[in-house]
2 protein chains.
Amino acid sequence: MTDIPRTARPTMKDVAARAGVGLKTVSRVVNEEPGVTEDTISRVQAAIDALGFRRNDSARLLRKGRTASIGLVLEDLADPFYSPLSRAVEDLARAHSTLLFTGSSAEDADREQELVLAFCARRVDGLVIVPASEDHRYLEPEIAAGVATVFVDRPAGGIDADVVLSDNAGGTREGVAHLIAHGHRRIGFIGDLPRIHTAAERLRGYREAMEDAGLPVHGNWVSCGPTAPGRVRAAVESMLSGPEPVTALFAGNNRITVTAVRVLADLPSVVALVGFDDFELADLLRPAVTVVAQDPGQLGRTAAGLLFQRLDGVAGAPKRVELACRLIPRGSGELPPVP
Amino acid sequence: MTDIPRTARPTMKDVAARAGVGLKTVSRVVNEEPGVTEDTISRVQAAIDALGFRRNDSARLLRKGRTASIGLVLEDLADPFYSPLSRAVEDLARAHSTLLFTGSSAEDADREQELVLAFCARRVDGLVIVPASEDHRYLEPEIAAGVATVFVDRPAGGIDADVVLSDNAGGTREGVAHLIAHGHRRIGFIGDLPRIHTAAERLRGYREAMEDAGLPVHGNWVSCGPTAPGRVRAAVESMLSGPEPVTALFAGNNRITVTAVRVLADLPSVVALVGFDDFELADLLRPAVTVVAQDPGQLGRTAAGLLFQRLDGVAGAPKRVELACRLIPRGSGELPPVP
DNA sequence: TATGGGCTGGACAACGTTGTCAACAAAGGG
DNA sequence: CCCTTTGTTGACAACGTTGTCCAGCCCATA
């Protein structure tokens, strides 16, 4: 009956031929442009339905210039920390009738660049990037060509661009000060690789808090490196032994915190703990884990909001937005020092 | 010096003009096609670098027919359960030089359809869908037009399509049988909305396990509904009161399990618990939570693998793949019944 | 010198859509 | 009755790329 071609999709031309009208008239009907008779509309609509026509938005957007799509590059789609961030970006994208490309850099600079440039080759209107690379000059021609770009969680390297950050140093200062206020004097810091901006900032916050309180930082009280459980375990054990064992730990991100909880659970000693990043069930552990919480959803919302402002034509110098962190005392950070 | 136009992007035409060659020669250089002199190549390359040209893949793919992109629709990007699934799909996409559109249906049928059709309008080569809708006949013309489609986690409604599932009923049977083996006779089931396929299957598994053991299921031992904490709390409290209080609970998904843990922590009674879906830190709670674990990463890998097989031309009847679940005893499911 | 073949390069159409503009018919005013 | 106005419609070019095809050119061979 209906002669749907099995292989090739029907185009406006096919619809036009079947409805006995011109190509442009079909376009008008599809786009609900005014100036088409009711009668013609229904004839075209019938042809559309019969053929199962669906407008090819790729062609449309090629013609129009904008693609109504943005790219989101983050470190790892599988990391729960970024889930609310992605969702927030997606929600704003939807509100702007924009589709979302996503990809993980896996903390690899080359992969980040490859992904970003692939998005640019698709002519995304904008980018939200959680940087893995330290040098983003490769983006200069793209930004000059009009690709709106907002960095989240970490600043861009080598270029001046919009960025939305958490107050990593301030949050860490607050967390460490919290431990100090509960009587701790020997506090260890276990962080991520220092080449990662957030890790460096948090380390800085730790040092500042110790200095503000006039406390020394001994050699083995600071350990930075990959978040692999083995490395973290070794660091904890080293800090808890020796002539000056720590009585409290500050863990530099959620994965480190979780590993620290595991390690401490195996040990007889009572050690206070504050972690950076909140995580699900932190309140159900015993002791419940005190954390310095970022709001990843807010991070994403702010970044995407800024992006769409730019796309709406808001010009001006690159903005730097810093979101406050929130200390959530739950128990592990209020344990008194045990000598 | 270099005259990069601030507004419009350079095209192959611009590059050709600047290099003093024909349009097609630029195309040849960009695509590394043979038949161009070293000398010409370097002249063209110089023009490309000077102008900051980047090929417009949208136009390219319009011409070529395939878009080298696929769409992933899941329930909620922010749900940690789906994170490994997304990541697995992304990894396979990358391996096939394919870009990934993502979106959340928010468990809303209209939103799912809107997203899917938006992807189709962009002419994605394929789709991976975690269905929210019960009727996917709207996809028939798309599938006929050649859009490869694989459903994950839940089957499609109204059409015959590839699907990758977990063995929800079998896993639940095993979990409930585990409780029965530990002496429980009065076991409650708290599940998600029964219109969701996985929820219905798990309920079926529960009923089968009880029946297999010759155990009755009393009226208030089964509660299905939204995963809102208030509803779950009420259900738990109701099951634990009355003339026939349950001594064990089976929680139908990770969110329900977590709420159940919270509720039980507030109560004096000791209640055994097995939850469907593993979750981070389940082993650190006291008691550690016994779960029936799916492997969301494997779900995603299998689905994407099947999708790319189809895209590579593997024909044949729609496949239905069912992945086994794994019981992970950790403590909460091995508690003896307390009358 | 003519011929042929291999190599290089360019003109042109096509992908499916939208914007511009002009053609045409019907209706209204003088 | 003609001219203008209004409303509807279609022809055509353009978006940026790739595939097809043909025109030169250079060199070797007859």
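The following exercises, with worked solutions, concern a predicted model of protein chains and DNA.

**Exercise 1. Determine how the buried residues of helix α1 of chain B are arranged, and what covers them.**

Solution.
Step 1. Helix α1(B) spans residues 12-19, and its buried residues are M12(B), V15(B), A16(B) and A19(B).
Step 2. Viewed along the axis of α1(B), these buried residues fall within an arc of 100°, so they line one face of the helix.
Step 3. The other side of α1(B) carries K13(B) and A17(B), which are exposed. Here buried stands for under 20% relative accessible area, and exposed for over 50%.
Step 4. The cover over the buried residues of α1(B) includes two helices of chain B, α2 (23-30) and α3 (38-51).
Step 5. Just after α1(B) comes G20(B), with a positive phi of about 70°.

**Exercise 2. Establish the relation between chain A and chain B.**

Solution.
Step 1. Two copies of a chain are related by a rotation about an axis and a shift along it.
Step 2. Chain B is superposed on chain A by a rotation of 180° with 0.0 Å of shift along its axis, and the RMSD is 0.1 Å.
Step 3. This is the relation of a two-fold axis.
Step 4. To locate the axis, take F101(B): of the residues of chain B, its C-alpha comes closest to the rotation axis, at 2.3 Å.
Step 5. Compare the interface residues next. Of those in chain B, 100% are also interface residues in chain A, so the copies meet through the same surface.

**Exercise 3. Describe the protein surface near DNA strand D, and identify side chains that approach its bases or phosphates.**

Solution.
Step 1. DNA strand D is surrounded by 25 residues, of which the closest are G22(A), T25(A), R28(A), T40(A) and R63(B).
Step 2. Among the atoms of DNA strand D that come within 4 Å of the protein, sugar and phosphate account for 62%.
Step 3. For a base, consider R28(A): a polar atom of its side chain lies 2.7 Å from a base nitrogen of DNA strand D.
Step 4. For the phosphates, consider chain B. An N or O atom in the side chain of N31(B) is 3.0 Å from a phosphate oxygen of DNA strand D. An N or O atom in the side chain of K64(B) is likewise 3.0 Å from a phosphate oxygen of the strand.
Step 5. The elements that give two or more residues to this surface are α2 (23-30) and α4 (57-64) of chain A, together with α2 and α4 (57-64) of chain B. The largest share, four residues, comes from α4(B).
Step 6. Sorted by class, the surface near DNA strand D has seven nonpolar, ten polar and eight charged residues.

Definitions and conventions: Residues are numbered from 1 along each chain as its sequence is written. Chains are lettered from A and ligands numbered from 1 in the order in which they are written. This is a predicted model: local features need pLDDT of at least 70, side-chain atom pairs count only at pLDDT 80 or more; totals for chains, interfaces and linings use all residues. Side-chain values use heavy atoms; hydrogens and water are left out. Buried means under 20% relative accessible area, exposed over 50%, partly exposed in between (1.4 Å probe, protein chains only). The arc is that of the directions from the helix axis to the C-beta atoms. Contact means heavy atoms within 4.5 Å. Copies are superposed by least squares on the C-alpha atoms of residues with pLDDT of at least 70 in both. A residue is near a molecule or strand if one of its heavy atoms lies within 4 Å of it. A polar contact is a pair of N or O atoms within 3.5 Å; within protein, one must be able to donate a hydrogen and the other to accept it, and residues adjacent in sequence count only if both atoms are side-chain atoms. Ala, Val, Leu, Ile, Met, Phe, Trp, Tyr, Cys and Pro count as nonpolar, Asp, Glu, Lys and Arg as charged, and the others, Gly among them, as polar.
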